[in-house]
Amino acid sequence: MTYIALEEAFTIPELFARQPSTPQKIQVSDQYAKDCRRRLADFEEHRLPEMDAHGIDIQVLSLSVPGIQADTDAGVAVDNARFANDHLARTIARHPTRFKGFAALPLQDPAAAVIELKRCVEQLGFRGALVNDHTQGRYLDHPAYGELWSALEELRVPLYLHPGSLPRDDWHVMRGRPEMYGASWSWQAETGGHAMRLIYAGVFDRHPGATLILGHLGEFLPFQRSRFDSRYRSLQVDAPLERMPSQYFGSNILITTSGVLAPEAVQAAVLSIGAEAVMFAIDYPYESTAEAVDSIEKCDLSPEVKEKIAHLNARRVLGI
């Protein structure tokens, strides 16, 4: 069985060096940080051999956190996004059968973000875009992003909503417990909350053809679908949704397996959201490729469903 992996990070040292320096809140070991830095900027020495060793046919590459969302100046963000996307396009051109790309977008300037999305899809052949949560505290349900959602519909490409933007507030519940910040807990809660904003703001009612992808088995959300509906029925809302909250999952909202290396969790996600809505991802180089593949291979799911998760759903959604 071959695999298409959808959430695979890279960095550009030159870009990183010219962006604002940010304090590192995630406390990882020196060895883990060194290994990630070595692999993030690499494509041939480590990445391709690891893909070959574990049957990864294609990695869909995206700029690692915090990406363009780190830029505070809109003009700089526009320049940096173009720089990053051109770098990625050259990388894909060297290995066109092994790598595809998600565009980095300068959402600090919504009109420029639409222009860059169209350039990346129509001229560079990218398969969608990836955004690291909010942009300087502004979320994607803001009216300024209406044209972006229309462009995503028109181009028929997804937007991958990823964690990792710089935090804009300080959660009291995490004070004194740095272990909770980042991928261990807070990023899932923040990104899942962002996705729920999009649902409740009616983004998918106004843009029914739009597709949002959430990593990490949906950032906690698929397993709460029944509760979303039961609580929504009790709410008094100013602008009712056209569907119940749960019904946007599996239609407008799809998920990947990135970073959740547990067969039983993948099985539960399929039961919750449907086999057509789950796609494979590793979260390379932050997670183990071998363990990510095992999480699919060891699932108690039919071979047909495993094939959908491994690559068939991604081929359909991304047009590969």
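This short presentation describes the overall build of one protein chain and then turns to one of its helices.

Good morning. Please keep in mind throughout that the structure before you is a predicted model.

I shall begin with the chain as a whole. The chain contains 13 helices and eight strands. Its radius of gyration is 19 Å, and the globule rule gives 20 Å for 320 residues, so the chain is as compact as a globular protein of that length. The C-alpha trace spans about 55 × 50 × 45 Å along its principal axes.

How much of the chain is buried? Of the 320 residues, 53% are buried. Turning to contacts between residues at least 6 apart in sequence, 80% join residues at least 24 apart.

Next, the surface and the charges. About 14,100 Å² of the chain is exposed, and carbon and sulfur atoms supply 52% of that area. There are 32 positive side chains and 42 negative ones, and the centres of these two sets lie 1 Å apart.

Let us now look at a single element, helix H11, which covers residues 263–273. Which of its residues are buried? They are Pro263, Ala265, Val266, Ala269, Val270, Ser272 and Ile273.

Against what do these buried residues pack? Among the helices they meet are H9 (216–219) and H10 (225–232), and further along the sequence H12 (289–297) and H13 (303–318). Two strands also take part, S7 (253–256) and S8 (278–279).

Finally, please find the residue that comes after H11. This is Gly274, and its phi is positive, near 105°.

Thank you for your attention.

Terms used:
Residues numbered from 1 in each chain as written. Predicted model: local features only at pLDDT ≥ 70, side-chain atom pairs only at ≥ 80, totals over all residues. Heavy atoms only, no water. Helix = DSSP H or I, 4+ residues; strand = E, 2+ residues; numbered from the N terminus. Rg over C-alpha atoms; globule rule 2.2 N^0.38 Å. Buried < 20%, exposed > 50% of the residue type's maximum accessible area, 1.4 Å probe, protein only. Contact = heavy atoms within 4.5 Å. Areas by Shrake-Rupley, 256 points an atom, 1.4 Å probe, with all protein chains shown as cover. Lys, Arg positive; Asp, Glu negative; His and termini not counted. Charge placed at Lys NZ, Arg CZ, Asp CG, Glu CD.
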